[in-house]
Amino acid sequence: MMNRIFRPGGLALTETAAKAASLSTDTPILDIGCGTGSSLKHLHQIYGCPITGIDLSATCIASAKKSVPEGTFLQADASALPFADASFTAVFLECVLCLTEHPLTALTEASRVLTSGGTIIISTLSRLQGASLLEEGCVCLNHLSSALIERNFTDIQITDRKQDLIQFCADAIFCYGSISAYIEHASRTLGGAVVSCNISPKKTGYHLITAKNR
């Protein structure tokens with residue numbers, strides 16, 4: 001958080017997720033909701049892979065272009081990705097799916113731009129069960145699993161990362177005095193929302209989900 005990583009788990013979780021995608025210099029990756037490009041910069045430094053990011057925030061895209069000149073950054077919507085089919089080996093949605101207006105369309109688009117055998121990586125505020133895919137800013141895992149299967153994803157792996165959320169909340173309170181003060185600061189810095197619900201570790205989970213595109 002002190003290094004402008006505005007999500008639970010930070011770059012350590014990004015690296016954990018990247019191992020599932022077997023990244024290399026020949027594996028182009030897309031970060032949907034890339035923010036200021038921190039994850040892509042980290043992954044490029046480690047793996048040397050081609051990196052592309054999109055975000056709705058013009059502020060974030062301008063910052064990413066400046067701080068990560070080796071990447072390609074576009075202001076775009078997750079529901080209408082401006083890329084050809086099968087353009088990427090891995091697609092990251094880090095703490096983003098819970099913020100999208102049309103999450104099912106975003107998953108369809110992610111599948112479209114992924115190569116066969118490519119990996120989707122999702123980290124998200126979560127609930128195990130719910131009546132719909134999104135509830136109060138959280139992704140309901142029962143609906144997410146079904147949505148991934150319907151889009152021909154296989155080998156779905158779901159990992160509980162709630163401890164990352166608890167640590168994130170503790171850090172936010174320590175650095176900013178309260179969760180609400182952190183959210184205000186992060187939203188102002190990034191030029192857009194960072195969460196769409198009141199973070200409460202007692203009510204909210206956090207999970208890492210990976211799956212392979214068929």
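This passage describes the overall make-up of a predicted model and then several of its elements in turn.

The chain has 214 residues, and 52% of them count as buried. Its secondary structure comes to seven helices and nine strands. Contacts over long stretches of sequence are frequent: among those between residues at least 6 apart, 70% join residues at least 24 apart. The chain exposes about 9400 Å². Carbon and sulfur atoms supply 53% of that area.

Strand 4 covers residues 88-94. Seven of its seven residues are buried, so this strand is largely enclosed by the rest of the structure. Strand 4 pairs with two other strands. Strand 1, residues 29-32, runs parallel to strand 4 and is joined to it by three bridges. Within this pairing, Leu 30 has Val 91 of strand 4 as its bridge partner. Strand 5, residues 114-127, also runs parallel to strand 4, and six bridges join the two. Here Ala 90 is matched with Thr 119 of strand 5. Between these two strands the chain passes through helix 4, residues 103-113. The resulting β-α-β crossover is right-handed.

Helix 1 spans residues 10-20. Its buried residues are Gly 10, Leu 13, Thr 14, Glu 15, Ala 17 and Ala 18. An α-helix has 3.6 residues a turn, so residues three or four places apart point the same way. Some of the buried positions show this spacing, including Gly 10, Leu 13 and Ala 17. The buried residues of helix 1 pack against two helices, helix 2 (38-47) and helix 6 (162-176). They also pack against strand 4, strand 5 and strand 9 (205-213). Just after helix 1, Ser 22 takes a positive phi of about 50 degrees.

Leu 23 lies in the loop that leads from helix 1 to strand 1. With a relative accessible area of 9%, Leu 23 is under the 20% cut-off and therefore buried. Leaving aside neighbours within four places in sequence, Leu 23 is in contact with Ala 18, Ile 29, Leu 43, Tyr 47, Cys 49 and Ala 90. Of these, Ala 18 is one of the buried residues of helix 1. Ala 90 is the residue of strand 4 that bridges to Thr 119. The C-alpha atoms of Leu 23 and Thr 89 are separated by 8.2 Å. Along the chain, these two residues are 66 residues apart.

The structure holds one aromatic pair. It is formed by Phe 83 and Phe 88, whose ring centres are 5.1 Å apart. The ring planes stand at 90 degrees, so the pair is edge-to-face. Both partners are buried: Phe 83 has 16% relative accessibility, and Phe 88 has a relative accessible area of 5%. Phe 88 also belongs to strand 4, which covers residues 88-94.

Glu 135 is part of strand 6, residues 134-135. At 19% relative accessibility, Glu 135 is under the 20% cut-off and so counts as buried. Its side chain makes a polar contact of 3.5 Å with the side chain of Arg 127. Beyond its neighbours within four places in sequence, Glu 135 is in contact with Arg 127, Gly 130 and Cys 140. Arg 127 falls within strand 5, which covers residues 114-127.

Technical notes:
Residues numbered from 1 in each chain as written. Predicted model: local features only at pLDDT ≥ 70, side-chain atom pairs only at ≥ 80, totals over all residues. Heavy atoms only, no water. Helix = DSSP H or I, 4+ residues; strand = E, 2+ residues; numbered from the N terminus. Buried < 20%, exposed > 50% of the residue type's maximum accessible area, 1.4 Å probe, protein only. Polar contact = N/O pair within 3.5 Å; in protein donor to acceptor, adjacent residues only side chain to side chain. Contact = heavy atoms within 4.5 Å. Pairing = 2+ DSSP bridges. Right-handed = clockwise from strand over helix to strand, strands pointing away. Areas by Shrake-Rupley, 256 points an atom, 1.4 Å probe, with all protein chains shown as cover. Phe/Tyr/Trp six-rings, centres within 6.5 Å; stacked < 30°, edge-to-face > 60°.
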